[in-house]
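Morning, everyone. Please bring up the sequence and the structure side by side. I will keep this short.

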Amino acid sequence: AITINYPESTSAETVVVTKMQITLRDVDQIFFNGEQTDLRGLTSRLRGISEEEKSGINSVLLRGDKSISYELMVLVLDELRLAGFEGVSLKTIVAEE
C-alpha cells in the first residue's frame, strides 16, 4: 500500500472509485494505478491511452502527499490536460474543526 499524508479540506467529499488514479509522493515517486513511475513515464502512459479507452474514463483521481511541491502538482495536471483528461478530482481529507 502507498502511504499518503493527505492535506485537509473543509469541503472534502467522498469520491467514487475511478478507472484512473495517480498518486504523488515525490518527483521520483509517482504511481499510475498503483504502479511506480516518474514524470516522464507518466507522460508516456497518459499519451499512450487510446481515445476509446479515454471515453471510458469519466474522471481521474489525483492523490498527493501534502508535502509535495505545488510545481509537481501543476506539472501532472498539465500532462493530464495535454493527454485529453479534463475531469480531475483532488483527494483530501475532511479537516477537523
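I will go through the core, then the salt bridges, then one loop residue.

One caution before we start: this is a predicted model.

Let's begin inside. The largest nonpolar core has 19 residues. Which of them touch the most other members? They are Met-20, Ile-22, Leu-24, Leu-46, Val-76, Leu-80 and Phe-85. Where does this core come from? Strand 2, residues 20-26, supplies at least two of its residues, and so do strand 3, helix 1 at 39-47, strand 5 at 60-64 and helix 3 at 70-82. Helix 3 gives the largest share, five residues.

Take Leu-80 as an example. Leave aside its neighbours within four places in sequence. Leu-80 is then in contact with Met-20, Ile-22, Leu-46, Val-60, Phe-85 and Val-88.

Now to charge. Side chains of opposite charge can pair when their charged atoms come close. How many salt bridges does the structure hold? Three.

Here is one, between the side chains of Glu-35 and Arg-45, at 3.5 Å from N to O. This pair links distant parts of the chain. Glu-35 is in strand 4, Arg-45 is in helix 1, and they are ten residues apart. Glu-35 counts as partly exposed, because its relative accessibility is 46%. Arg-45 is also partly exposed, at 30%.

Next, Glu-79 and Arg-47. Their closest N and O atoms are 3.1 Å apart. Again distant parts of the chain are linked: Glu-79 sits in helix 3, Arg-47 in helix 1, with their positions 32 residues apart. Is Glu-79 buried or exposed? Its relative accessibility is 16%, so Glu-79 counts as buried. Arg-47 is exposed, with a relative accessible area of 51%. The cut-off for exposed is over 50%.

The other bridge joins the side chains of Glu-51 and Lys-54, at 3.4 Å from N to O. Both residues are in helix 2, residues 51-55. They are three residues apart, so about one helical turn separates them. Glu-51 is exposed, with a relative accessible area of 60%. Lys-54 is buried, at 15%.

Last stop: Asn-33. Where is it? Asn-33 lies in the loop between strand 3, residues 29-32, and strand 4, residues 35-37. What is the phi of Asn-33? It is positive, about 50°, although Asn-33 is not a glycine. For context, most residues other than glycine have a negative phi.

What does Asn-33 touch? Not counting residues up to four places away in sequence, Asn-33 touches Lys-19, Met-20 and Gln-21. Met-20 has come up before: it is one of the core residues that touch the most other members. Asn-33 itself counts as partly exposed, because its relative accessibility is 41%. One distance to add: Asn-33 and Leu-61 are 28 residues apart in sequence, and their C-alpha atoms are 9.7 Å apart in space.

To recap. The largest nonpolar core takes its largest share from helix 3. The structure holds three salt bridges. And Asn-33 has a positive phi without being a glycine. Thanks, and over to you.

Notes:
Residues are numbered from 1 along each chain as its sequence is written. This is a predicted model: local features need pLDDT of at least 70, side-chain atom pairs count only at pLDDT 80 or more; totals for chains, interfaces and linings use all residues. Side-chain values use heavy atoms; hydrogens and water are left out. Helices (H or I, at least four residues) and strands (E, at least two) are DSSP runs, numbered from the N terminus. Buried means under 20% relative accessible area, exposed over 50%, partly exposed in between (1.4 Å probe, protein chains only). Contact means heavy atoms within 4.5 Å. A nonpolar core is a set of buried Ala, Val, Leu, Ile, Met, Phe, Trp, Tyr and Cys residues joined through side-chain atoms within 4.5 Å. A salt bridge is a side-chain nitrogen of Lys or Arg within 4 Å of a carboxyl oxygen of Asp or Glu.
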